Amino acid sequence: MAMLKRSSRAQRILLPLANCCGILLLWEYAVLHGWINPLSLASPSAAVKVAASSFGVLFPHILATTYETLLTFVLSSVGGILLGALLMHWRMFRLAVYPSIVMFQLLPKIALAPLFVVWFGVNIVSRLSFAGFISFFPIVLATLAGLRATDPLVLKLCSSLRASPAQMFWQIRLPYAVPLIMSGLKVGMTLAITGVIVSEFVTVQNGLGYIIVLASSNMQIDLMFAALGWVSLIGLVLYGTVLLLERLILMRLGAPVTGALFQPGEVVP
Amino acid sequence: MSAETFPTGVGLPAARRLGFFRRHADGALLPVGFIVLCIAGAEILARILAVPEVLLPPPSRVLTALALNASALCYHGALTITQVVAALFISLAVGIALATVFTLSRVINDMFSPLFVVLQIIPKIALAPLFVVWFGTGAWSHLSFAVCLSFFPILTAARAGFEETSADAARLCSALGATSWQTLVHVKLPMALPQLFVGAKVSTTLCIIGVVLGEFVSARAGIGWYIVQAAALSQTANVLASLVVLSLFGLSVYGAVSAGEILVRRRMFG
Amino acid sequence: MAYIRGDGLRKVYDPDGKAVEALHNVNFSIEKGEFVSIIGPSGCGKSTLLMMCGGLEEISDGLLMVGGTPMTGPRRDTGVMFQDPTLLPWKTVMENVLFPARIARTPIEPVEHRAHALLQSVGLQSFEGHRPHQLSGGMRQRVSICRALINDPSILLMDEPFSALDAITRDQMNVLLLNLWQQQLARTAMFITHSIREAVLLSDRILVMTKRPATIVEDVVVPFSRPRAPELAERVEFNQLCGRLRGLIEQNHVG
């Protein structure tokens, strides 16, 4: 028969796990036996060893990166949602400013990372402001899009029921806006992480990004991989948390939750 | 309904075209006014209130910087954008190839899909220095880093596009005895093209980020390198001028992809 | 000898552990050249049965023979029509009709002659270069008929092909199919529909299916001689037969 059968649940869980183990083993073997230059690619065991032994040294940097990312995310989210709501409700302001924000979004803002160092120096302020700068605007746009996404028929219904503007906002617009806002928050978290790491590359002062650059210049590849491992973990945990939050909130609201983790338009650099 | 009444946009009467402009002129007043206000305000702040140039160069200074360094900026900009375009094409090839493999083989799909999902989430931006270790400071390291960042949206879009093929179309192919490969080439791939362009637009953005960041970390030329040099000398006006050039080049690529999307949609789906 | 024959056919779906029996002990036989309609309640498995005859669904139990051989997979001599015309939007009408030949990798030239003739017989000869989005629903279904007939199939399987059309277009399509059927070489056809009138007008026999788990509970011969004309639908005997079938279906609906 030409129809492709669906794979069983067991197949869908065991195959990738087996595959992962296989890849890790192959990687380890390859480095051990010199097929891969250990100066290019640290073996998994070496990375874990270094991660453990240098944990004391790495810890303040892990903390710094995590803390800066979280702080950026919180500030961007709160600020972004507020500005989005403001744009929604103040028509003049929106008409004047919205096109500029959209155009602004098109600029490759990441290119300005060194400029933030020029402005604020080599410190946490420049890192936070750069990361906030990148992650703020997508949240604004997502919030605005979400608030505008309310079904016009529902709005008409509310008008006929003489609902107050506050009621319209909290009871109707906001719930309808949640899926798009959550989408924006996912992008915001991604960009917060990106922004923090890029600025750590550029400020070379603190954080896991700093460690990675330092390790690369000293050819300490296993330290580099250890740091990369930590960055991956932090990224997974933080993004995963937002993802989980999104699913929980959407389920609570009874909104449709797609099976796919990524829509084609979602960016995760 | 006869086929002769197929609507086209060409040949609107002149009066309707004028009305179009009039309506949109009103809508454009506020945002344009806002932008003009910002630029004028920046100019005034910078000159009259003597805000240091490092912090806020007057827009006129930025324009001067653009003019003065035009050849250098164009050279480095062109260098960077060439790498961006190359990275985009490679990403397309890699993404579509992987999506094809995943679609044709259920086993490989099950084995590798979760891995790619995880890879997609981790902050690959942190890998920039690693690519320098591997490939040195030349264009190859920036290119491969950019591809590493940007093939994921293509992969996601291609897979979504392939899966989107309606159950009926898939059944039709089964009924005709088409092989998986024939189904992919004749039906799934054309159907997926619009989605692919959406993915390509996202990918363009990521290619730009990848190449520029690569140039930040280590390079001897390119707009990213130029920005780092200018920033080291606190030449804010030059940095902003570089941003303008990078944006123009970047938007051209993005615009080309968008134009391609519109063309394909129109030609294929009418 | 029967051309299509089902003995004790059974179909069990197993979506994540819970077995659902769609078809249970379905027995039928169709002679070569017969036009047989299948009617029954929605979701009772009519489409499943049709898909099995087209080699697109696996048989859980029982025997299905087509042309004397057991059914193993999609066959070259079978043409299929679905409710959705499923035309490829980026191909022209002509390219859509030629699509099966392209998949089968047969030489195109002789097939092109056939395609022209088929499109002419359904009245679309001046639309060969058009795209599906330029056609109405009825026109698209006509292209779908041509595509189903391009390989000169001996069996035609149709799954509610006219259900999505408006009433007037549907009547026109019934007349078209009736004429096409009676003019061309006799083929064997299985036709699923919800419309009793449609079934009576077009078919030689009508099979009535029950709810899930479905069996064939009635096998009604349509006694009107061929060639038939559309005016048949106004005769008393026609409406009497429709009424009788309606009663049969309602009995099995409740049961």
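This is a short selection tour through chains A and C of a predicted model.

**Stop 1: chain A**

Select chain A. It holds 10 helices and 0 strands. Read from the N terminus, the element order is α-α-α-α-α-α-α-α-α-α. Turn the C-alpha trace along its principal axes: the span is about 75 × 65 × 30 Å.

Colour chain A by burial next. Of its 269 residues, 47% count as buried. Now switch on the surface. The accessible area of chain A is about 13,300 Å², and carbon and sulfur atoms own 72% of that.

Then show the charged side chains of chain A. There are 16 positive and 7 negative ones. The centres of the two sets sit 17 Å apart. For a contact map, take pairs in chain A at least 6 apart in sequence: 71% of those contacts join residues at least 24 apart.

**Stop 2: helix α1 of chain A**

Select residues 9-32 of chain A. This is helix α1, with 24 residues. Its first and last C-alpha atoms are 35 Å apart, close to the 34 Å expected at 1.5 Å a residue.

Which residues of α1(A) are buried? Pick A:Pro16, A:Asn19, A:Glu28, A:Ala30 and A:Val31. Now add their cover. It includes α2 (44-53) of chain A together with α4 (106-121) of chain B. Step past the end of α1(A) to A:Gly34, where phi is positive, near 75°.

**Stop 3: chain C**

Hide the rest and select chain C. Here you find 7 helices and 10 strands. The C-alpha atoms fill a box of roughly 50 × 45 × 35 Å along the principal axes. The radius of gyration of chain C is 18 Å; a compact globule of 255 residues would have one near 18 Å, so the two agree.

Colour by burial again. In chain C, 55% of the 255 residues count as buried. The accessible surface is about 10,800 Å², with 50% belonging to carbon and sulfur atoms. Of the contacts in chain C between residues at least 6 apart in sequence, 70% join residues at least 24 apart.

Show the charges of chain C too. The 27 positive and 28 negative charges have mean positions 2 Å apart.

**Stop 4: C:Ala2**

Zoom in on C:Ala2, in the segment before β1 (4-13) of chain C. Is this residue buried or exposed? C:Ala2 has 13% relative accessibility, so it counts as buried, the cut-off being under 20%.

What does C:Ala2 touch, neighbours within four places in sequence aside? Select C:Ser29, C:Ile30 and C:Glu31. Then draw a distance to C:Phe28. The C-alpha atoms of C:Ala2 and C:Phe28 are 9.3 Å apart, with their positions 26 residues apart in sequence.

**Stop 5: backbone oddities in chain C**

Go to C:Asn25, in strand β2 (residues 20-30). Its phi is positive, about 55°, although C:Asn25 is not a glycine. At 38% relative accessibility, C:Asn25 counts as partly exposed.

Move to C:Asp152, in the loop between α4 (137-149) and β7 (155-159) of chain C. This residue is not glycine either, and its phi is positive, near 55°. With 40% relative accessibility, C:Asp152 counts as partly exposed.

Finish at C:Pro227. It lies in the loop between β10 (216-221) and α7 (236-254) of chain C. Check the peptide bond that joins C:Arg226 and C:Pro227: it is cis, with omega about 0°.

Note on methods. Residues are numbered from 1 along each chain as its sequence is written. Chains are lettered from A and ligands numbered from 1 in the order in which they are written. This is a predicted model: local features need pLDDT of at least 70, side-chain atom pairs count only at pLDDT 80 or more; totals for chains, interfaces and linings use all residues. Side-chain values use heavy atoms; hydrogens and water are left out. Helices (H or I, at least four residues) and strands (E, at least two) are DSSP runs, numbered from the N terminus. The radius of gyration is taken over C-alpha atoms; the globule rule is 2.2 Å times the number of residues to the power 0.38. Buried means under 20% relative accessible area, exposed over 50%, partly exposed in between (1.4 Å probe, protein chains only). Contact means heavy atoms within 4.5 Å. Accessible areas come from the Shrake-Rupley method with a 1.4 Å probe; for residues, only the protein chains shown count as cover. Lys and Arg count as positive and Asp and Glu as negative; His and the chain ends are not counted. The place of a charge is taken as NZ of Lys, CZ of Arg, CG of Asp or CD of Glu. The expected span of a helix is 1.5 Å times one less than its number of residues.
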